[in-house]
Amino acid sequence: MENISDNQFTEWNRAIKNGSKECYSDFFRACYEHYVRFAYRYVKSKDQACDLVQEAFIKLWKNRDQLDTSKSLKSYMFTIIRNLCLNHIRDHKNRFESLEGKEPSVHSLIIHQEYEDTSYVEKTIENIEKLIKQLPERQREAFELSRFDGLLHEEIAEVMNISARTVNNHIVSASNFLKEKYEVYNRRDIDIAL
């Protein structure tokens, strides 16, 4: 989704508002899988994530005449999906099934280099994922929307219904926590290796 320009989202927004089924279909095909991965982070069920994203796309089409073309279609969909996921969690507590498959990872946080020892990279990724799970819920959500989903601070603010300044504070706090804790992990690994 990071390969899709803001201009493309704006074009889709206008065209969908005007009833273009072709643009709606293009938007669906281009973004569906990314939105499913986003929903999965909440509901932890691939089937349920797919259902909720489909529900969000149906909701988008039914309410297309109410689209605000001056606002981001990308963040509007994230907001719809997030709300559907939170409603689902509230209504179906403790009924989640596990997913065998993809969960967004932190591969994008690590500079890709050639390592002879791939276990080092795998261990690093595993450690960072554990640290991200330790973040307070709102910090983690803002951080993941920024780093994994590529949303701008203003878009995250819309999705989370908070100010862009609060989004920035969450991301800075999360980044500082991750950097500090990761340095501790690295020092510990070096001590063990010695």
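With 69% relative accessibility, Asn161 counts as exposed in this predicted model. Asn161 sits in the loop that runs between helix H7 (153–160) and helix H8 (164–193). Its backbone is worth a look, since Asn161 has a positive phi of about 60° although it is not a glycine. Lys44 is another non-glycine residue with a positive phi of about 60°. The place of Lys44 is the loop between H2 and helix H3 (46–62). Lys44 is partly exposed, at a relative accessible area of 33%.

From these loops, attention turns to how the helices pack. The axes of H2 and H4 come within 10 Å and cross at roughly 35°, and the crossing is right-handed. On the H2 side, the contact involves Phe27, His34, Tyr35, Phe38, Ala39, Tyr42 and Val43. Their partners in H4 are Leu73, Lys74, Met77, Phe78, Ile81, Arg82, Cys85, Leu86, His88 and Ile89. Sorted by class, the residues of this contact comprise 13 nonpolar, 2 polar and 2 charged.

H4 also packs against H7, here at an angle of about 30° and with the axes 8 Å apart. Because angles under 35 degrees count as roughly parallel, H4 and H7 are described as roughly parallel to each other. The crossing of H4 and H7 is right-handed. Lys74, Ser75, Phe78, Thr79 and Arg82 of H4 make this contact with Glu155, Glu158, Val159 and Met160 of H7. By class, the contact of H4 with H7 contains 3 nonpolar, 2 polar and 4 charged residues. Readers following individual side chains will find Lys74, Phe78 and Arg82 of H4 listed in the contact with H2 and again in the contact with H7.

Charged pairs complete the picture. Side chains of opposite charge can pair when their charged atoms come close. A search of the whole structure finds 8 salt bridges. One of them joins the side chains of Arg82 and Glu141, with an N to O distance of 2.3 Å. Arg82 belongs to helix H4 (residues 73–91) and Glu141 to helix H6 (residues 137–147), so this pair ties together parts that are 59 residues apart in sequence. Both ends of the bridge fall under the 20% limit for burial: Arg82 counts as buried at 9% relative accessibility, and Glu141 counts as buried at 7%.

The pair formed by Asp26 and Arg29 offers a more local case, with the side chains meeting in a salt bridge at 2.6 Å, N to O. These residues are 3 positions apart in helix H2 (residues 21–43), so about one helical turn separates them. At 28% relative accessibility, Asp26 counts as partly exposed, whereas Arg29, at 57%, counts as exposed.

A further salt bridge links Asp91 with Arg90, where the closest N and O atoms are 3.0 Å apart. Asp91 is partly exposed, at 46% relative accessibility, while Arg90 is exposed, with a relative accessible area of 52%. Finally, salt bridges also join into a network, which links Arg41, Glu144 and Asp149.

How values were computed
Residues are numbered from 1 along each chain as its sequence is written. This is a predicted model: local features need pLDDT of at least 70, side-chain atom pairs count only at pLDDT 80 or more; totals for chains, interfaces and linings use all residues. Side-chain values use heavy atoms; hydrogens and water are left out. A salt bridge is a side-chain nitrogen of Lys or Arg within 4 Å of a carboxyl oxygen of Asp or Glu. Helices (H or I, at least four residues) and strands (E, at least two) are DSSP runs, numbered from the N terminus. Buried means under 20% relative accessible area, exposed over 50%, partly exposed in between (1.4 Å probe, protein chains only). Axes are lines fitted to C-alpha atoms, for helices over the stretch in contact, and angles run from 0 to 180 degrees between N-to-C directions. A crossing is left-handed if the near helix is turned anticlockwise from the far one by less than a right angle, and right-handed if clockwise. Contact means heavy atoms within 4.5 Å. Ala, Val, Leu, Ile, Met, Phe, Trp, Tyr, Cys and Pro count as nonpolar, Asp, Glu, Lys and Arg as charged, and the others, Gly among them, as polar. Angles under 35 degrees count as roughly parallel, over 145 as roughly antiparallel, 65 to 115 as roughly perpendicular and the rest as oblique.
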